[in-house]
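Open the model in a viewer and follow the stops below in order. Each stop says what to select and what is found there.

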Amino acid sequence: MKRIIGILFAIIVLISCNSQKVYSDFDISYSKSGGYTPIYENLLIKGNNAHYSFEGQGKKYKQDFKITDEDLKKLDNTLSQNNFRRIQEDRKKIYDNIATSINVKKGPNEGSKTDASSVMPNFKTNWANITNAFQEIININVKKP
């Protein structure tokens with residue numbers, strides 16, 4: 001009996017660990033979180049597979065979809081043209097703001113940026129262009145209920 005309980009426990013642990021893999025195994029991530037009424041929005045891209053999740057405003061939603069090579073190339077070009085790696089973050093403290101974070105783990109634009117403390121004024125247009133590219137991918141591919 002103890003052996004059966006041990007095996008069941010091991011299976012449960014393995015299943016629960018595997019369910020978090022999608023949140024750590026990605027090439028590109030885009031996330032928005034925070035605010036007075038907190039929201040959590042994530043877009044994780046690994047190869048041509050994308051995972052989108054949203055939680056907030058009384059809604060909870062997840063969807064997996066395929067992203068085309070063309071969309072990936074367009075996103076990479078947007079990151080390059082807007083000097084993603086050179087964007088400078090401001091050091092001001094901003095509270096109760098919805099912060100956007102972008103992580104690129106491979107390719108020429110590898111890096112991590114956030115506007116949690118805002119972005120320096122001369123990079124605001126670049127940051128807006130990059131975040132708009134991610135929102136466009138979400139708007140085109142995610143079918144919200």
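A residue is called buried here if its relative accessible area is under 20%, and exposed if that area is over 50%. By that cut-off, buried residues account for 36% of the 145 residues in the chain. The model is a predicted one.

**Whole chain**

Start with a cartoon view. The chain contains 3 helices and 6 strands, and their order along the sequence is α-β-β-β-β-α-β-β-α. Of the contacts between residues at least 6 apart in sequence, 56% join residues at least 24 apart.

**Helix α2**

Select residues 69-81, which form α2. How far apart are the end C-alpha atoms of α2? They are 18 Å apart, which agrees with the 18 Å that 13 residues should span at 1.5 Å a residue.

Now show the side chains of D71, L72, L75, T78 and L79, the buried residues of α2. Looking down the axis of α2, one sees these buried residues within an arc of 125°, so they line one face of the helix. An α-helix has 3.6 residues a turn, so residues three or four places apart point the same way. Turn to the other side of α2 to find D69, E70, K73 and Q81, which are exposed.

To see what covers the buried residues of α2, add β1 (28-34), β2 (39-46), β5 and α3, which are among the covering elements. After α2 comes N83, with a positive phi near 50°.

**Largest nonpolar core**

Next select L43, I45, Y52, L75, I102 and F134. Within the largest nonpolar core, which has 27 residues, these six touch the most other members. At least two residues of this core come from each of β1, β2, β3 (49-56), β4 (59-66), α2, β5 and α3. Which element gives the largest share of the core? That is α3, with 6 residues. In soluble globular proteins, nonpolar side chains tend to be buried together.

**I102 and the β5-β6 hairpin**

Stay on I102 and show its surroundings. Beyond four places in sequence, I102 is in contact with S29, Y30, F84, G111, S112, K113, W127, I130, T131 and F134. One of these, K113 in β6, stands opposite I102.

Widen the selection to β5 (residues 98-104) and β6: the two strands run antiparallel and are joined by 4 bridges. They form a hairpin with 6 residues between them, and G107 in the turn has a positive phi of about 100°.

**E41**

Move to strand β2 and select E41. Is E41 buried or exposed? Its relative accessibility is 4%, so E41 counts as buried. The side chain of E41 makes a polar contact of 2.6 Å with that of Y52, and Y52 is one of the core residues selected earlier. Apart from residues up to four places away in sequence, E41 touches Y30, S31, K32, Y52, S53, F54, Q135, I138 and K144.

**S118**

End at the loop between β6 (111-114) and α3 (124-141), where S118 is found. S118 has a relative accessibility of 15% and therefore counts as buried. Leaving out residues up to four places away in sequence, S118 touches E89, D90, I94 and K124. With K124 there is also a side-chain polar contact of 3.1 Å. Measure out to K93 as a last step: S118 and K93 lie 25 residues apart in sequence, with 8.3 Å between their C-alpha atoms.

Note on methods. Residues are numbered from 1 along each chain as its sequence is written. This is a predicted model: local features need pLDDT of at least 70, side-chain atom pairs count only at pLDDT 80 or more; totals for chains, interfaces and linings use all residues. Side-chain values use heavy atoms; hydrogens and water are left out. Buried means under 20% relative accessible area, exposed over 50%, partly exposed in between (1.4 Å probe, protein chains only). Contact means heavy atoms within 4.5 Å. A polar contact is a pair of N or O atoms within 3.5 Å; within protein, one must be able to donate a hydrogen and the other to accept it, and residues adjacent in sequence count only if both atoms are side-chain atoms. Two strands pair if DSSP finds at least two bridges between them. The expected span of a helix is 1.5 Å times one less than its number of residues. The arc is that of the directions from the helix axis to the C-beta atoms. A nonpolar core is a set of buried Ala, Val, Leu, Ile, Met, Phe, Trp, Tyr and Cys residues joined through side-chain atoms within 4.5 Å.
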